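Visitor: I would like to go through the ligand sites and the open spaces of this protein. Could we look at it together?
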Amino acid sequence: MTENANEFFSVASELKAELEPLGKKYYIETYGCQMNVRDSETIGGLLQSCGYTLADNKNESDLILFNTCCIRDHAEKRVFGNIGALKEAKEAHPSMIIGVCGCMMEQDNVAKKLQRRFPFVDLVFGTNVLHRLPEMIKHVLEGDRVCLLSNNDVTVVEGLPSVRDVSTSAYVNIMYGCNNFCSYCIVPYVRGRERSRSVDAIVNEIEQLVSKGYTEITLLGQNVNSYGNDTRSSSFAELLTVLNQIEGLKRIRFMSSHPKDLSDAVIDAIRNNPKVCHHVHLPVQSGSDRILKAMNRKYTREQYLDIVHKLRSVSHDFELTTDVIVGFPGETEDDFLQTLSLIKEVGYSAAFTFKYSKRQGTKAATMEEQVDEAEKKLRLKRLNDLQAEMTVTDNMKYIDHIGEVLVEGYDQRETCTVFGKLSNFKMVYFRGDPDLVGKYVNVRITACKKNSLIGEIV
Ligand code: SAH
Ligand code: SF4
Ligand code: F3S
């Protein structure tokens, strides 16, 4: 079901008339992945439509919101610590609103536990009710304690305002939720089932972004390759082809891609649509078939390598990044060695590596043979050491290469140094004026550092 946001705006404008003259400020602390970053942009837009303006820091704000993540155990500990630290500030300024939202709030009983432990939290809400924020704020201002979770609300709401953090490149959701139930992962429980936005809504949003000067977009979904499966309309490959025609748009990125659904049609769409960048984030998680099966990933090492091979055939400078988990229940030294050998075989430009973290309610949490914490730590280090070597080897390939960089910003520490990315997601630093930000520049690579390239304008 798709709804338009209009009906929520009347409450927002009522609040704006009241709050704007008072100069009320908000601050959002965001944890977790791009989904949460994007949600915080929408929350910021909604708060501004209610008359709040962005505070420079937490201390001077009238409304503080924590947008939480629960993908791993430590994310949870950190946020609880930071909420607890606000107790005194709230005592000193009782009118300050403290809110907590995001994935963690959608976990069984966590919202209740949080409200019990921190009685000074005024507002709690889930991941799929952002559009009701003006209404919630209104209740809080009237003195209520509000808790609104998504439950089975599967509505996709279009037309919400947002305040985007970055001026060159914008995130655009193409779908919400996840159907994959990888056995270690909490996301399907806290973000619900897959809901795709319509092609029209996506095109519309991107056209508006382009009219504001954005030339690069990153399409977001937990598994973009299954876009459209729920609505039985256009596929992801078809979507890429439509977006490629948007005038003024120069680069299309997307993440994440689940290998089991990365079809030949998607690879052809990457090949045939020049705006689609030559980089895919393709989380592998493990190099061992036994572990991949236990993870419910639904592909084998061989199938994964076959996709890598096809992607590499798109262009000589095609790059891949990945996510890897070490110490999944039952992972033996031999399984882990297979992960290391896969890392060597693929040659990623970067890997995001994690120690397996037990998430209550997931299938893997009940598996026997949980791996010892010290062993996980050791494997993580071995993996990171190998990837660090691989990244340097991969970067070396680019010396003398000329490529187009979209300049994203300038280095505050060094004068006249700007940075930006090649189509294949490699970060390049080079001498240039800060007014190059937002422009495309041809750069020759002259050297490389641990995680980036150094270049000069040609
Ligand atoms: N939907 C994305 C991933 C989202 S979560 C995808 O499938 O690619 C980002 C990464 O966090 C995952 O790829 C995985 O590597 C890691 N992760 C998820 N659950 C985890 C857990 N319980 N312990 C450790 N890492 C985990
Ligand atoms: Fe989690 Fe798997 Fe869904 Fe990614 S695809 S969000 S890892 S369940
Ligand atoms: Fe975390 Fe939610 Fe993303 S659990 S990783 S913020 S989808």
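Guide: Certainly. Two terms are needed beforehand: domain bounds here come from an automatic or database domain assignment, and a pocket is an open set of grid points with protein on both sides within 12 Å along at least five of seven lines. The model is a predicted one.

Visitor: Which domains contribute to the lining of the second largest pocket?
Guide: Domain 1 (2-148) and domain 2 (166-277) each give at least three residues to that lining.

Visitor: What is its volume, and how many residues line the second largest pocket?
Guide: The volume is about 640 Å³. The lining has 28 residues, and Arg38, Gly159, Leu160, Arg197 and Glu205 lie nearest the centre of the pocket.

Visitor: Which element supplies the largest share of that lining?
Guide: Helix α8 does, with six residues. At least two residues each come from α2 (34-49), β8 (156-158) and α8 (199-211).

Visitor: And what is the lining like by class?
Guide: The lining of this second largest pocket has ten nonpolar, ten polar and eight charged residues.

Visitor: Turning to ligand 1, which residues are closest?
Guide: Of the 15 residues that surround ligand 1, the closest are Gln222, Pro283, Gln285, Asp323 and Ser357. Domain 2 (166-277) and domain 3 (279-397) each provide at least three residues of the shell. Strands β15 (319-326) and β16 (350-355) each contribute at least two.

Visitor: What polar contacts does ligand 1 have with Arg72, Tyr184 and Ser357?
Guide: The side chain of Arg72 has an N or O atom 3.2 Å from an oxygen atom of ligand 1. With Tyr184, a polar backbone atom is 3.0 Å from a nitrogen atom of the ligand. For Ser357, a backbone N or O atom is 2.8 Å from a nitrogen atom of ligand 1.

Visitor: How much of ligand 1 does the protein bury?
Guide: The protein buries 90% of the 540 Å² that ligand 1 exposes when taken alone.

Visitor: Now ligand 3: what surrounds it?
Guide: Around ligand 3 are Gly32, Cys33, Asn36, Cys69, Cys70, Ile71, Cys103, Arg191 and Gln222. By class, that shell comprises five nonpolar, three polar and one charged residues.

Visitor: Lastly, how many cavities of 30 Å³ or more are there?
Guide: The count is one. The largest cavity has a volume of about 30 Å³, and its lining consists of Thr127, Asn128, Tyr176, Gly177, Arg191 and Arg195. One nonpolar, three polar and two charged residues make up that lining.

Technical notes. Residues numbered from 1 in each chain as written. Chains lettered and ligands numbered in written order. Predicted model: local features only at pLDDT ≥ 70, side-chain atom pairs only at ≥ 80, totals over all residues. Heavy atoms only, no water. Near = heavy atom within 4 Å. Nonpolar A, V, L, I, M, F, W, Y, C, P; charged D, E, K, R; others polar. 1 Å grid on protein atoms, 1.4 Å probe; cavity = no way out; pocket = protein on both sides within 12 Å on 5 of 7 lines; lining within 4 Å. Points joined across faces, edges and corners; volume = space filled by probe spheres on them. Polar contact = N/O pair within 3.5 Å; in protein donor to acceptor, adjacent residues only side chain to side chain. Areas by Shrake-Rupley, 256 points an atom, 1.4 Å probe, with all protein chains shown as cover. Helix = DSSP H or I, 4+ residues; strand = E, 2+ residues; numbered from the N terminus.
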